[in-house]
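Biologist: Please take me closely through one part of this model, the loops with unusual backbone geometry, and then follow the chain into the helix packing that adjoins one of them.

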Amino acid sequence: MMLRLIGMPSTKTLDELVSRIASKVEIRIANNKNTNVMRVLESLSKINKSIVIIEDENIYLNDLPRSAPLTRIYGLYDGRVIIAGDLEDILIHGFKEYLALAGKAIDPAVPIRIRQTINSYSKPRIVKLFVVPGIPCLKAMHLLGHLAIVDGNLNTIIIDVHKLNDYYERYSKGALPLIIVDNSKSKIGAPRDIDELVELVYYEDQG
C-alpha cells in the first residue's frame, strides 16, 4: 500500500520487471564485498545475464571516501547514478527500480511538460541525496531516479548515511532525506511530487 502511494510498483511486480530486463545494464562496483547491494546484484545476475557486474576501483569521484562501498549504474543512466555506501531494507526496492529503469524495463514517469523544462536547461547538475531506510527517503530516491533517466546532464549520488555518517555531517545534522543540488541549494524531506523536485533542481533561487 505504501509503495503504491508513492507511485512505485509492488515488490513482486518490480522483481518480475527486473528479471525481464533485456537491455544490458553494466554495474561497476568498488569495495562492495558482503554488502546488501552486492548480494542483490549477484542474485539478479544469475537469473538475468543482461545485468553485468564489473569490479572497478577507479570509479570514485569528488570527495567521496575511497574506502566506502560504491556502485555505479550504467545502461540508460550511462554511469550518472552512483550509490555511495550500502542500501538496507526498503531502500533495496529503490535500487531495483533504478536497475529496471536503466535496463528499459520501466518507462520513466516524467510528463512531457517536465521533459520540455529539462530540455531548456543544458547546464550539468550534481544532486546528492542522503538517505536511511524509510518511506520518505525511498520516495525521494524514486522521484530522482525517474528524473535522472530523462536528463543526460543530471548526475545523481545516493549516499547511505548509515555507512557514511561522517560524510553526511559535513552537510547537515538535520532530518532525512536531504537533497543538495550543486552544493548550493538544499531541501530536507521528500519532494511532494516530481514538480517540486524539478523546481529544486532546475530553477535558480531568486532574490
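**Loops and a helix pair**

Modeller: Pro177 lies in the loop between helix H7 (165-168) and strand S7 (178-181), and in this predicted model the peptide bond that joins Leu176 to Pro177 is cis, with omega near 5°. Strand S7 also borders another loop, the one between S7 and strand S8 (185-188), and Asn183 is placed there. The phi of Asn183 is near 55°, which is a positive value in a residue other than glycine, and with a relative accessible area of 53% Asn183 is exposed, the cut-off for that class being over 50%.

A further asparagine with positive phi is Asn34, where the angle is near 65° and the residue is again not glycine. Asn34 sits in the loop between strand S1 (25-30) and H3, and because its relative accessibility is 60%, it counts as exposed.

That loop brings us to helix H3 itself, which spans residues 36-47 and whose axis comes within 11 Å of the axis of helix H4 (residues 91-102), the two crossing at roughly 45°. H3 and H4 are therefore oblique to each other, and H3 passes H4 in a right-handed crossing. On the H3 side the contact is made by Asn36, Val37, Val40, Leu41 and Leu44, which meet Ile92, Phe95, Lys96 and Leu99 of H4. Sorted by class, the residues in this contact of H3 with H4 are 7 nonpolar, 1 polar and 1 charged.

Terms used
Residues numbered from 1 in each chain as written. Predicted model: local features only at pLDDT ≥ 70, side-chain atom pairs only at ≥ 80, totals over all residues. Heavy atoms only, no water. Axes fitted to C-alpha atoms, helices over the stretch in contact; angles between N-to-C directions. Helix = DSSP H or I, 4+ residues; strand = E, 2+ residues; numbered from the N terminus. Parallel < 35°, antiparallel > 145°, perpendicular 65-115°, else oblique. Left-handed = near helix turned anticlockwise from the far one by under 90°. Contact = heavy atoms within 4.5 Å. Nonpolar A, V, L, I, M, F, W, Y, C, P; charged D, E, K, R; others polar. Buried < 20%, exposed > 50% of the residue type's maximum accessible area, 1.4 Å probe, protein only.
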